[in-house]
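This report looks at one protein chain, going from its overall make-up to a few individual residues. The sequence and the structure come first, and the description follows.

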Amino acid sequence: MDNKKIKLLIAVLLLITAAAVGVTVWALFFREQQTVVLTPDYAPQEEEINIEAIPGDSGEKMESEEGGGSVSLSYSNEATIDISDKKAYVYFANPGKSNQDMVLQIIISEEVILQSGTIVPGYKVSELDLLKDAEKMLSPGGYDGKFVVLYYSPESGEKAIVNTEIPIHITVRE
């Protein structure tokens, strides 16, 4: 190789190295970080602050086999999110005949935007707080999303093996 080709090769390698360093610096310091929400293995210690008792609920539990659970759900497949007050407005109830505690998640495009505290049997929610900065991912309009219902033993707090996914329509407004 002659001297001219070596200098050209060094210049190209330096350019590639500078580009790689630039991409690395951008990825580490300037790229927006995504918040990952993990499903808890044990029910949250705190009950959901926005729960209300279900009027007229008898609280009679359903039968289930030893080590099993039995649930009843009452919900609307519509939800409204107000990004200005960072809240979701839903109808979701864990009737008193259920023998499992529940945690409700709302998911849009595989992103968890809301996760409730524990919803015990005999209670419902109609207003829930979005996760921190979740409103920044949304624009006004309609979305297909889902409720993911996580079940927990009221005695041990352990998560049940099964979850329920319910398709919902979500309207986002400012």
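Two residues are said to be in contact when heavy atoms of theirs lie within 4.5 Å. The coordinates examined here are those of a predicted model, and in it Asp 101, setting aside its neighbours within four places in sequence, is in contact with Asn 94, Thr 118, Ile 119, Val 120, Pro 121, Leu 150, Tyr 151, Tyr 152 and Pro 154. Asp 101 belongs to strand β5, which covers residues 101-108. With a relative accessible area of 10%, Asp 101 is buried, because the cut-off for that class is under 20%.

**Overall make-up**

The protein chain contains one helix and nine strands, and reading along the sequence gives the pattern α-β-β-β-β-β-β-β-β-β. Of its 174 residues, 36% are buried. Among contacts in the protein chain with a separation of 6 or more, 70% are between residues 24 or more positions apart. The area exposed by the protein chain is about 11,000 Å², of which carbon and sulfur atoms supply 54%.

**Pairing around strand β9**

Strand β9 (residues 159-173) takes part in two pairings that run in opposite senses, being parallel with strand β3 and antiparallel with strand β8. The table sets out the two pairings with their bridges.

| Strand and residues | Partner | Sense | Bridges | Residues standing opposite |
|---|---|---|---|---|
| β3 (residues 78-82) | β9 | parallel | five bridges | Asp 82 and Arg 173 |
| β8 (residues 141-152) | β9 | antiparallel | eleven bridges | Tyr 143 and Ile 170 |

Strands β8 and β9 form a hairpin in which six residues lie between them, and Gly 157, which is in the turn, has a positive phi of about 80°.

**Asp 41 and the hairpin turn**

Which residues does Asp 41 touch, not counting those up to four places away in sequence? They are Tyr 152, Gly 157, Glu 158 and Lys 159, and the Gly 157 named here is the residue with positive phi in the turn of the hairpin. Asp 41 itself is found in the loop between α1 (3-30) and β1 (51-53). Although Asp 41 and Lys 159 are 118 residues apart along the chain, their C-alpha atoms are separated by 5.3 Å. The relative accessibility of Asp 41 is 57%, so it counts as exposed under a cut-off of over 50%. Tyr 152 is a contact of Asp 41 and is also listed among the contacts of Asp 101.

**An aromatic pair**

A pair of aromatic rings is described by the distance of the centres and the angle of the planes. Searching the whole structure yields one aromatic pair. The ring centres of Phe 92 and Phe 147 are 6.0 Å apart and their planes stand at 70°, so the pair is edge-to-face. This pair links distant parts of the chain, since Phe 92 is in strand β4 (residues 87-94) and Phe 147 in strand β8, with 55 residues separating them. Both Phe 92 and Phe 147 are buried.

**A nonpolar patch at the surface**

Val 21, Val 23, Val 25, Trp 26, Leu 28, Phe 29 and Phe 30 make a nonpolar surface patch of about 780 Å². One of these residues, Trp 26, has its place in helix α1. Is Trp 26 exposed, partly exposed or buried? Its relative accessibility is 46%, so Trp 26 counts as partly exposed.

How values were computed. Residues are numbered from 1 along each chain as its sequence is written. This is a predicted model: local features need pLDDT of at least 70, side-chain atom pairs count only at pLDDT 80 or more; totals for chains, interfaces and linings use all residues. Side-chain values use heavy atoms; hydrogens and water are left out. Helices (H or I, at least four residues) and strands (E, at least two) are DSSP runs, numbered from the N terminus. Buried means under 20% relative accessible area, exposed over 50%, partly exposed in between (1.4 Å probe, protein chains only). Two strands pair if DSSP finds at least two bridges between them. Rings of Phe, Tyr and Trp (its six-membered ring) pair if their centres lie within 6.5 Å; planes under 30 degrees apart count as stacked, over 60 as edge-to-face and the rest as tilted. Patches are made of residues with over 30% relative accessible area and no salt bridge: like charges are joined within 9 Å, nonpolar side chains (Val, Leu, Ile, Met, Phe, Trp, Tyr) within 5 Å. Accessible areas come from the Shrake-Rupley method with a 1.4 Å probe; for residues, only the protein chains shown count as cover. A salt bridge is a side-chain nitrogen of Lys or Arg within 4 Å of a carboxyl oxygen of Asp or Glu.
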